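Please look over the sequence and the 3D view below before reading on. The paragraphs that follow take up cysteines, a helix and the nonpolar interior in turn.

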Amino acid sequence: MGRLDGKVAIVTGAGRGIGRGEALMLAGEGARVVVNDLGGGLQGEGNESRPAISVCEEIEALGGEAVPNFENVATPSGAEQLVQQAIDTYGRLDILVNNAGILRDGMVFNADPAAWASVIDVHLNGHFLPTRYATAFWREQAKAGETAHRTIVNTSSESGLFGNAGQTNYDAAKMGIASFTMAVARECVKYGVTCNAIAPRARTRMTTSTFEGTERAGEFSTADGEGFDPMDPDNIAPFVAFLATDEAAEITGQTFIVYGGIVAHVRMPHVTDIVQKAGRWTVDELIESQGELFKAVGPDVFEAPRGHAKLPRQ
């Protein structure tokens, strides 16, 4: 018996990397899966049906059930057809994993506006639109008395949470996804829907290309085959499957960094230190008091100086 027996899942961008691992894990826990992948390149160009079909074949070879979907989830028609396919094929929908994304990196002072906008579109609309159609379906079910736990897992990024030079479009979108997650959680809690986000760190087409030639490139190199590989993209999937279980039905509106054998709960924008006076501040007074605004920033904080998350030492 799997933890997700009888449930139906959609995973977008599931033809490769993290999405592939998520689809396989959900199927391994008993869910029937709609494997969505446009099959495009890293920058969103082209399309290819084979990645999604291959993942479905893998799931079926392991005794699971899956169907491919090749829609562009950043378009209303594509997202609507994806959700409808799950309902038409399996009669229900319980889990939505929004994972699809692209990269078009560039420094802010020379970024191409069209490329910048395309990344925002694919990531934000690619999360919003499937969520819009899935939650509309769940809302109607809830009104009809269907109260089973449904879950959405969104994909943010450490680059979005902490900022990464050369990725203003990607970072803006990924932080937007974290905020979107909190809002959806508030809007849909009364319908039995939970919504959380993960910021995965793993070896994928995106990470290997992003950090190629930098001091971080070695973090994502291929493992030597001995011992545990912390950068294996399949490491992300168990936590996603956990969030989809009924045992996680009280967890919503949260963001987590997932990396290797680590899960780190990220406290999203919150107040730390405050300076206060009775009346209006002067500039000189603020200069003198600025240290009070950063008292909580110590050696254990999860943000490293170079702008990527620093996890606890093992």
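How many disulfides does a search of the whole structure find? The search finds zero, where a disulfide is a pair of cysteine sulfur atoms within 2.5 Å. This is a predicted model, in which local features need pLDDT of at least 70, side-chain atom pairs count only at pLDDT 80 or more, and totals for chains, interfaces and linings use all residues. Residues are numbered from 1 along each chain as its sequence is written, and side-chain values use heavy atoms, with hydrogens and water left out.

The sulfur of Cys188 has its closest cysteine sulfur in Cys195, 7.4 Å away, which is too far for a bond. Cys188 is also buried, because its relative accessible area is 9%; buried means under 20% relative accessible area, exposed over 50%, and partly exposed in between (1.4 Å probe, protein chains only).

Cys188 belongs to helix H6, where the buried residues also include Tyr170, Ile177 and Val184. Helices (H or I, at least four residues) and strands (E, at least two) are DSSP runs, numbered from the N terminus. The expected span of a helix is 1.5 Å times one less than its number of residues, so the 21 residues of H6 (residues 168-188) should span 30 Å, and the end C-alpha atoms are indeed 30 Å apart.

The largest nonpolar core has 30 residues, and among those that touch the most other members are Ala23, Val33 and Ile59. Such a core is a set of buried Ala, Val, Leu, Ile, Met, Phe, Trp, Tyr and Cys residues joined through side-chain atoms within 4.5 Å. Another core, of 26 residues, lies apart from it and includes Val34 and Val184.
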